[in-house]
Amino acid sequence: MDTTGRTADDEGPVDHFHPNAHLRAVPDTSDAAPLPEDKPHTTPRDRAPEIPEGPVRQAAQAFAAELIRLRTAAGLSQLVLARSMGYTKSYVTHVERCTQAPTQPFARRADQILGSAEALTRLWHAYHTVHVADRRRPRGPLPAPSAVDTTSQMVHAATRAQESFQAGSPPDNRNFQAIQPSYRVTPRLLPPPVKHFTGRSAELSALDRLLATATQSEGPRTVLLSGPPGVGKTALAIEWANRAIDSFDGGQLYADLRGFDLARPVRTEEVFDSFLRALGIPPTDLPGFLGAQESLFRNLIAQRKILVILDNVESAENVRPFLVGTTGAVLATSRNRLPGLAARDGAQAMVLDMLNNADSLTLLRKTVGPQIVDAAPEAASRLAEFCGRLPLALRIAGQQIATRPHLALDRHADALMEEIDVLDALLLDDDERTILTSVFSWSYRKLDQPTARLFRLLGLAPGRSLGTTAVSMLCGINSRSVRKMLRTLVNTHLVEELPGEHFSLHDLLRAYACSLAGNEEIVNEENSEIRQLIHWYAASVDNADQFLTPGRVERDDVNEISPTGETFTSFDEALSWLDQERPNLVDILRRAMEIGEHHLAAIIPNLLWGYFNLTKHWSDWIECNTLGLAAARLAGDTKSEAYLTMSQGVVFRNLRQVPDAVSHHRSAVLLFEQLDDRLGLAYALQNLANAESADNSIESALAHFGRALEIFQTVPDGRRGRAVTLNSKAIALNSFSRHEEVLEAAEEAKTIMHVMGDSQGEAIALLSLGLAFSKLHRNEEALESYREALSLQSTINDRYGEAQVLLALGQLYAGERRWHEAQVHLQDALQIFEDLQAPERTRAAAELEKLLEDQQGASSS
């Protein structure tokens with residue numbers, strides 16, 4: 001059957017297609033209305049279960065020992081390291097004591113902070129390999145309560161209350177009065193300082209003076225660094241920010257807006273998305289629309305000394321959304337002077353000029369070598385003038401000289417002058433661009449033919465940066481040869497190497513590379529290479545999605561994609577690749593549209609559904625769907641149009657745009673009926689039912705659940721869809737207090753999931769049963785359901801689902817006035833929600849506070 005089988009994912013309250021998908025947030029079935037944070041929520045992947053004995057513990061101990069050694073050598077306490085990484089101190093403590101497993105993001109961040117050259121990341125991979133082999137080992141029916149982090153204010157208050165209760169005195173609830181769970185992560189997004197940074201002492205001092213005003217006066221201070229291309233604006237901003245890092249204890253945010261790049265500029269929504277994530281907002285709490293993003297950002301940085309760097313902005317409108325807060329600073333760089341930013345927004349303007357002669361010679365000494373420069377100072381000064389004393393040009397020219405040290409410096413200066421004379425006659429442009437183009441041409445002409453062709457292709461390629469394998473596919477040359485050519489381009493400063501063996505072009509160099517591919521023959525040839533690259537990306541996304549969505553039902557039209565692509569061996573590898581490539585994917589879709597690859601442009605967004613469902617990059621998800629829908633209609637691909645319409649409905653429901661969600665799902669139903677695609681229709685009906693449930697149209701929702709169940713019963717590959725729909729139906733019924741009806745749906749879902757070996761789906765059904773039994777006052781059956789669910793979640797490492805059940809158990813015990821058991825379970829639930837930065841932590845804290853109040857009232861009566 002030609003379907004992906006993924007459409008029950010996020011629009012329903014359950015998701016069984018992703019190996020890390022957790023129990024969806026189940027609506028509160030108390031008399032109160034459901035809390036706003038009770039919404040579909042994808043498990044943050046930054047918390048792992050306690051570590052079993054044997055080889056897994058040994059691997060974790062090796063990781064912990066190296067972490068302690070590196071931290072001690074750096075002279076950092078656990079608290080300082082935790083704050084630098086954006087983690088809690090308790091997390092670092094647990095990892096070092098081997099009471100908590102390390103995670104890959106933790107290992108990577110620790111390597112960055114400690115400068116340990118991926119030593120911890122390698123140890124994490126060793127741990128992960130052993131852990132995967134062991135993860136199916138049974139863990140027992142009910143895990144012991146986890147240790148309470150006494151450094152957390154909320155949990156510490158609960159601990160003191162528990163101690164008071166055990167001592168026979170009433171708990172002191174004042175500890176909770178001023179404590180509100182909040183996002184409080186210190187972002188550290190600054191790039192490292194530019195190598196061989198030279199001079200600019202006056203500018204650095206001026207920025208220091210502005211910094212003093214920014215951190216001592218009311219309102220954020222804005223500084224605009226403007227100047228010609230290649231003058232070193234970005235280098236100065238990053239150098240100053242790294243020097244001033246201690247003055248901004250609220251954190252540092254950085255984004256390159258690529259306002260002058262021929263590739264797609266970065267949208268404001270993308271910048272806000274990256275900033276909000278850096279500030280600790282979990283994926284499911286991220287707003288999907290610009291106004292809401294700006295509002296949340298404003299609230300998060302209020303009263304914080306935070307520095308925001310916006311690099312390569314084209315207009316004042318790129319800056320204004322970020323001019324918020326009261327004690328922070330915004331530093332923007334641009335080739336344009338943006339007078340409106342000063343007139344309307346009070347920005348301080350700094351115009352950056354070329355380096356002076358002395359600093360230019362110092363930079364040449366650093367790149368060429370002091371002996372060569374000092375041996376011919378006049379020739380060096382002449383060369384610096386030819387380069388316009390622009391740092392970018394000086395670095396590129398210096399690297400060319402360093403590769404041919406046997407030639408006298410004046411010979412190099414003469415060669416560059418000849419290049420300038422030729423280009424000056426051809427270019428009617430400003431002086432700086434003429435100089436830079438001359439330097440670029442001087443380096444480009446020294447490349448061999450294959451490397452020169454690669455440089456042109458990199459200029460034409462979609463995306464902001466490409467990995468080595470993608471570059472190899474682009475030019476049709478094996479990876480070993482490509483690495484050598486890339487090394488040549490990096491060494492001549494024509495290409496920049498980024499972390500993870502990715503390569504990017506400065507926007508000026510991209511424009512220059514594109515100008516070299518001007519005739520029709522070259523463009524046609526290179527469009528063929530671009531087409532090959534797009535096929536490679538499509539195949540790679542398909543390969544990654546097989547790990548993110550293991551159980552999916554394949555669409556046969558995906559087989560039309562070229563069989564080659566990036567390969568993966570684990571879920572983490574696939575997710576990491578997609579995280580790195582995400583900024584490229586919208587560009588890939590746009591280029592596919594431009595060269596007529598409409599079918600691929602329609603398929604790729606559908607293959608990205610599983611990834612976006614996990615990571616919640618809302619604006620990218622919406623844009624990919626929008627592009628995919630346009631491509632599907634151009635290609636006459638109704639199947640892709642149906643799935644992408646449904647995907648768009650999923651996004652809108654997550655963003656609480658319920659009428660839009662209902663509208664999209666109704667359209668998807670009509671498209672699948674037109675196709676006579678019964679499996680796709682069943683999933684569309686299930687998604688429509690979930691949207692209608694969110695719209696309080698329970699009777700219509702139940703009718704559509706019923707239709708979906710009838711279809712799943714009769715089609716091949718329909719068993720999983722039926723179980724998913726039953727779980728969704730049970731959750732909807734619980735939210736409308738129709739608890740008797742829940743039992744039948746959840747029991748059948750549990751049975752199917754058990755037979756299929758889907759432990760997570762079975763746990764979801766058990767939680768629905770437990771909630772229904774609890775509301776029907778069948779507490780023993782509720783306890784049994786919760787315990788079974790908890791055992792399954794422990795086995796599959798579903799920490800979020802475990803916290804949901806612990807919360808429900810705490811509520812049940814509280815209702816039975818079993819105070820101690822209720823407090824232990826609520827504390828454990830709160831601890832996990834806090835560690836996961838999950839929105840349900842607010843609800844767990846409220847339940848814990850209510851418990852202590854009820855407990856105090858019972859003691860005094």
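Ser737 sits in the loop that joins helix 31 (719-735) to helix 32 (739-756). Its phi is near 60 degrees, which is a positive value in a residue other than glycine. With a relative accessibility of 46%, Ser737 falls in the partly exposed class. Keep in mind that this is a predicted model. Here's a quick tour of the rest, from the whole chain down to single residues.

**The chain as a whole**

- The secondary structure adds up to 37 helices and 8 strands.
- The chain has 861 residues, and 61% of them count as buried.
- Take the contacts with a separation of 6 or more: 72% of them are between residues 24 or more positions apart.
- About 33,300 Å² of the chain is exposed, with carbon and sulfur atoms supplying 50% of that area.

**Another positive phi**

- Arg258 also has a positive phi in a residue other than glycine, near 50 degrees.
- You'll find Arg258 in the loop between strand 2 (251-256) and helix 9 (268-278).
- Arg258 has 16% relative accessibility and so counts as buried, the cut-off for that being under 20%.

**Aromatic pairs**

- Searching the whole structure turns up 19 aromatic pairs.
- One of them is Trp240 with Phe248: the ring centres are 6.4 Å apart and the planes stand at 75 degrees, so this pair is edge-to-face. The angle cut-off at work here is over 60 degrees.
- Both partners are on the inside by the numbers: Trp240 is buried at 4% relative accessibility, and Phe248 is buried at 0%.
- Tyr643 and Phe672 make another edge-to-face pair, with 4.9 Å from centre to centre and 75 degrees between the planes.
- That pair ties together distant parts of the chain, as Tyr643 belongs to helix 27 (residues 638-654) and Phe672 to helix 28 (residues 658-675), with their positions 29 residues apart.
- Tyr643 and Phe672 are both buried.
- Four phenylalanines, Phe272, Phe275, Phe297 and Phe322, form one aromatic cluster.

**Helix 24 and its partners**

- Helix 23 (residues 571-594) and helix 24 (residues 598-607) have axes that come within 7 Å and cross at roughly 155 degrees.
- Angles over 145 degrees count as roughly antiparallel, so helix 23 and helix 24 are roughly antiparallel to each other.
- The crossing of helix 23 past helix 24 is left-handed.
- On the helix 23 side, Ile588, Leu589, Ala592 and Met593 do the meeting; across from them in helix 24 are His598, Ala601, Ile604 and Pro605.
- Helix 24 packs with helix 27 too, at an angle of about 35 degrees and with the axes 10 Å apart.
- The helix 24 and helix 27 crossing is left-handed as well.
- Here Ala602, Ile603, Pro605 and Asn606 in helix 24 meet Ser640, Tyr643 and Leu644 in helix 27. Pro605 is also among the helix 24 residues that meet helix 23, and Tyr643 is the ring paired with Phe672.

**Asp587 in helix 23**

- Asp587 is part of helix 23.
- Its relative accessible area is 7%, so Asp587 is buried.
- Not counting residues up to four places away in sequence, Asp587 touches Arg264, Pro462, Gly463 and Arg464.

**Arg337, out in a loop**

- Arg337 lies in the loop between strand 4 (329-334) and helix 11 (339-345).
- Arg337 has 59% relative accessibility, so it counts as exposed, for which the cut-off is over 50%.
- Leaving aside neighbours within four places in sequence, Arg337 still has contacts with Leu224, Ser226 and Val351.
- From C-alpha to C-alpha, Arg337 and Ala349 are 7.8 Å apart in space, while 12 residues apart in sequence.

**Glu496 in strand 7**

- Glu496 has its place in strand 7 (residues 496-498).
- Glu496 is partly exposed, its relative accessible area being 48%.
- Once neighbours within four places in sequence are left aside, Glu496 is in contact with His502, Phe503 and Ser504.
- Glu496 and Leu486 are 10 residues apart in sequence, and their C-alpha atoms are 9.3 Å apart in space.

Conventions: Residues are numbered from 1 along each chain as its sequence is written. This is a predicted model: local features need pLDDT of at least 70, side-chain atom pairs count only at pLDDT 80 or more; totals for chains, interfaces and linings use all residues. Side-chain values use heavy atoms; hydrogens and water are left out. Helices (H or I, at least four residues) and strands (E, at least two) are DSSP runs, numbered from the N terminus. Buried means under 20% relative accessible area, exposed over 50%, partly exposed in between (1.4 Å probe, protein chains only). Contact means heavy atoms within 4.5 Å. Accessible areas come from the Shrake-Rupley method with a 1.4 Å probe; for residues, only the protein chains shown count as cover. Rings of Phe, Tyr and Trp (its six-membered ring) pair if their centres lie within 6.5 Å; planes under 30 degrees apart count as stacked, over 60 as edge-to-face and the rest as tilted. Axes are lines fitted to C-alpha atoms, for helices over the stretch in contact, and angles run from 0 to 180 degrees between N-to-C directions. Angles under 35 degrees count as roughly parallel, over 145 as roughly antiparallel, 65 to 115 as roughly perpendicular and the rest as oblique. A crossing is left-handed if the near helix is turned anticlockwise from the far one by less than a right angle, and right-handed if clockwise.
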